Amino acid sequence: MEFGKNNTPFSEDEFAQRLVNTKRAMDAAGLDVLIVCDPANMNYLTGYDGWSFYVHQAVIVAQALEQPLWVGRNQDVNGAHLTTILPEENVIGYADEYVQSLTRHPMQVVASTIAERGLGSGRIGVEADSYYFTARAQAVLADELPDAVFSDAGVLVNWLRCVKSDAETTLIRQAARITERIMQRAVDLIDVGVPQSEVAAAILETGVRGIPGEGGYGGDYPAIMPLMPSGVGTSCPHITWRDEPFLAQTGTTVEIAGVRHRYHAPMSRTVYLGTPPQKMLDAAKIVDEGIEAALEAARPGATAHDVYAAWSGVIARHGIFKESRCGYSFGLNYPPDWGERTLSLRAGDETVLQPNMTIHFMPGLWLDDWGIEISEPIRITQSGVEQFCSFSRELVVK
């Protein structure tokens with residue numbers, strides 16, 4: 001990697017098109033300026049990639065500016081020069097006296113950057129519900145830019161990210177190869193008496209090592225740590241791992257993702273040590289039947305609701321009801337989530353599916369004291385779906 005080079009996996013033309021699409025969406029929302037604080041959206045618009053999202057940072061997109069502006073901590077400026085496609089003058093750093101200060105705030109620098117360019121009286125959008133944009137950030141911006149009109153831009157950029165380019169799809173396919181290796185490693189290692197932490201360590205190691213050998217490539221860190229509840233914990237979908245060993249006659253659900261240049265390919269499977277109860281064997285077959293029905297329904301022109309209805313119709317015939325969604329859009333992301341916070345496969349979501357949307361079809365069942373997870377990352381194609389991973393959906397019995 002070199003300063004001044006395009007060190008991203010994407011061409012400058014692709015970034016230019018992303019910017020055009022963003023400005024078009026801003027115009028439809030009546031925005032002159034957009035302040036982007038979600039690190040995935042910052043990456044999408046500029047290429048910026050760094051573990052600096054624990055402090056305030058932003059990308060500013062303005063209709064009147066040819067290129068976005070990056071604003072962040074001084075010690076991260078070189079990281080912006082190294083990882084973004086921005087010209088040097090579009091990278092603005094703030095002093096450490098603004099970092100986690102009780103008397104200053106980085107949004108003062110964001111505000112002054114906007115005002116200095118004559119944009120302080122415009123219509124400014126913010127990502128008001130982003131994990132990374134705080135109530136104090138909004139208050140500081142309003143104080144510093146009293147002539148501006150602020151509005152919630154919601155997940156404007158996230159929706160643009162829903163439809164993937166060919167280059168993005170290639171990265172997800174590469175991530176999927178890592179996902180398959182991670183899951184196989186987990187399945188191989190989970191056994192009676194093996195500490196859960198040992199399997200978690202192997203999952204993380206395999207994900208980072210990626211695909212070995214000639215033509216291989218490394219992996220990236222996931223936006224979600226491995227979710228690996230065991231026993232009664234399988235009724236709790238978001239538990240990670242414990243010190244305890246795996247026990248005989250128990251199930252374990254494994255939800256992981258291979259990652260390539262921040263692009264994820266999430267997948268889950270269930271392992272049972274011993275002789276599974278009939279209810280779990282039956283549930284695995286029902287889930288697989290529901291997945292097949294949903295994948296058949298998932299095609300351009302269908303809605304997210306249509307896919308949910310296909311899945312829920314199958315399980316309802318077997319007397320099972322699931323209130324939560326059964327899937328969501330995924331792709332480029334940072335902690336705490338690999339989901340894009342846009343479409344959800346659930347009742348009432350009338351989002352129309354388009355080619356190159358990528359969705360984690362995640363029909364987990366979490367019941368009173370047990371659960372089962374079998375999921376598939378998919379891409380909507382011109383006529384149906386592409387399944388990113390090739391891995392048996394059967395309940396793994398050891």
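1. Contact here means heavy atoms within 4.5 Å, and by that criterion Val 254 touches Met 183, Ala 186, Ile 190, Ile 203, Leu 227, Met 228, Met 267, Ser 268 and Arg 269, leaving aside residues up to four places away in sequence.

2. The model is predicted, so that local features need pLDDT of at least 70 and side-chain atom pairs count only at pLDDT 80 or more, whereas totals for chains, interfaces and linings use all residues. Residues are numbered from 1 along each chain as its sequence is written, and side-chain values use heavy atoms, with hydrogens and water left out.

3. Val 254 also appears with Leu 34, Trp 70 and Ile 203 as the residues that touch the most other members of the largest nonpolar core, which has 62 residues; such a core is a set of buried (under 20% relative accessible area, 1.4 Å probe, protein chains only) Ala, Val, Leu, Ile, Met, Phe, Trp, Tyr and Cys residues joined through side-chain atoms within 4.5 Å. Helix H7 gives the most to this core, with nine residues. A second, separate core of 31 residues includes Tyr 308, Ile 320, Ile 378 and Leu 395.

4. Helices H7 (residues 166-189) and H8 (residues 196-209), taken as DSSP runs of H or I with at least four residues, pack at about 160 degrees with axes 9 Å apart, the axes being lines fitted to C-alpha atoms over the stretch in contact and the angles running from 0 to 180 degrees between N-to-C directions. That angle makes H7 roughly antiparallel (over 145 degrees) to H8.

5. Helices H9 (residues 278-297) and H10 (residues 304-317) pack at about 150 degrees, with axes 8 Å apart, and are therefore roughly antiparallel to each other.

Terms used: Helix = DSSP H or I, 4+ residues; strand = E, 2+ residues; numbered from the N terminus. Parallel < 35°, antiparallel > 145°, perpendicular 65-115°, else oblique. Buried < 20%, exposed > 50% of the residue type's maximum accessible area, 1.4 Å probe, protein only.
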